Amino acid sequence: MNEPFTPTRYRLVNTATGRVFSDEGWTLDDPQADAPALVRTQYASRQIAVRPNDWGLYKYCDWLPVSRRLQGSAAPVTYRSHGLAAELGLNNLYITLNGYFPEAGAFMTTCSFKETEAYSVCGRLNPADGRVLVVASAGNTARAFAKVCSENRIPLLLCVPEDNLNALWFEKPLDPCVKLIASRSGSDYFDAIHLGNIAVKNPRYVAEGGAKNVARRDGMGTTVLSAVIAIGSVPDYYFQAVGSGTGAIAAWEANLRFLEDGRFGQNLMKLIVSQNYPFVPMYHAWQAGSRDLLPLDDNEARAQVETIDAKVLSNRKPPYSVAGGLYDALCATGGEVVHVDNGLAREAAQLFERCEGIDLHPAAAVAVASLVDYVRAGKLDRDAVVMLNITGCGERRFKQGKKLFYLQPDRVFDIDPDETEVLAFLEGLFG
């Protein structure tokens, strides 16, 4: 059963102009804006009051734009590292786990921090609206939204590349309210987004919104809420692997809220975000000092995505350039974009499992590898307070001894699909 509670009070702010306005329920942009810009939440509660652990993710509801609690959520868990910290010679390394590791108190059964997005976004959604939520994903996000929507009977249309369907595993069959369409083998995340953009031309379907959805970003920002409250202050450094950079934007925004809170210091943590080489468009733009992403041929991008282990880090159109996006977050925090290849990430995954006792998703391994590189390059003081955001872990552990169920697509479309054909199929998909 869903558990209603007093909706969180907040307003929206245009990050470019500072205009403050009301949320009409699913506002993704400032309707009065002359240029693209992310909007940000401004909460009535300037100081966060954390609820009991049995509230799951909603323990942070003061800083989540939600109107209801959904069943089954779990919050990120932060602890002070001893094993990896000793290996790297760091005195204040804190690890924020998003995944399944019961001994550490981590209980996200999809094993990914995408659950933080899904429970927040779906908690913002008004069930009386009656429309079908559309989510495009490279894998982990789809798995998280499928779990949340299935368990809470929320109509959902997933759009996923066919080559990534192995990520859609579940411990039990899904409710029929979850449907899936796929872009044919050889496509990537951007092609799945294109399918979703076609779907929402039917007024019965509503776009989840990706980085533009404040609930997605603030849900991801709970990783920083977990860390800061556990540490007692804002860290000096924040390490995370990125595909879109939305999690790092969310980390910056959470940091800004803590500055207003006033009880956790006035530190602005340095964002160190990493990509999986050779798919590194944001790294190339950052190295060139460019707000705009550099030109990248679509076919070359798809070929690069095929070679990387961390398929979820493959967004060709990330919110990098937009006002309030990753470029601004990096500039504001003195941050940096780095990259590591598959070999270094695999070594880092083995190191982490040996030191901390749990298996990693490839994207999380990229983050660990970037931290290892940073330390070896002499860029970190051993006493610096470091937050390492482990965005996915424990999948191998969770799957042990379980019979898994895989969601199969209701239809697979060509990479360049016929729009009329897609819309005709979707017309009757949900009855």
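**View 1. Helices H7 and H10 cross with a left-handed turn.** Here left-handed means that the near helix is turned anticlockwise from the far one by less than a right angle. This is a predicted model, where local features need pLDDT of at least 70, side-chain atom pairs count only at pLDDT 80 or more, and totals for chains, interfaces and linings use all residues. Residues are numbered from 1 along each chain as its sequence is written, and side-chain values use heavy atoms, with hydrogens and water left out. The axes of H7 (residues 246-261) and H10 (residues 326-333) come within 9 Å and cross at roughly 45°, so the pair is oblique (not under 35, over 145 or 65 to 115 degrees). Axes are lines fitted to C-alpha atoms over the stretch in contact, with angles from 0 to 180 degrees between N-to-C directions. Helices are DSSP runs of H or I, at least four residues, numbered from the N terminus. Ala248, Ile249 and Trp252 of H7 meet Leu326, Asp328, Ala329, Ala332 and Thr333 of H10 (contact: heavy atoms within 4.5 Å).

**View 2. Val224 sits in helix H6 (residues 222-231).** With 1% relative accessibility, Val224 is buried (under 20% relative accessible area, 1.4 Å probe, protein chains only; exposed is over 50%). Beyond four places in sequence, Val224 touches Tyr238, Ala251, Ala254, Phe258, Met269 and Met387.

**View 3. Helix H9 (residues 298-307) has buried Ala301, Arg302, Gln304 and Val305.** Down the axis of H9, these fall within an arc of 160°, so they line one face (the arc uses directions from the helix axis to the C-beta atoms). They pack against H4 (189-199), while Asn299 and Glu306 on the other side are exposed.

Key:
Helix = DSSP H or I, 4+ residues; strand = E, 2+ residues; numbered from the N terminus.
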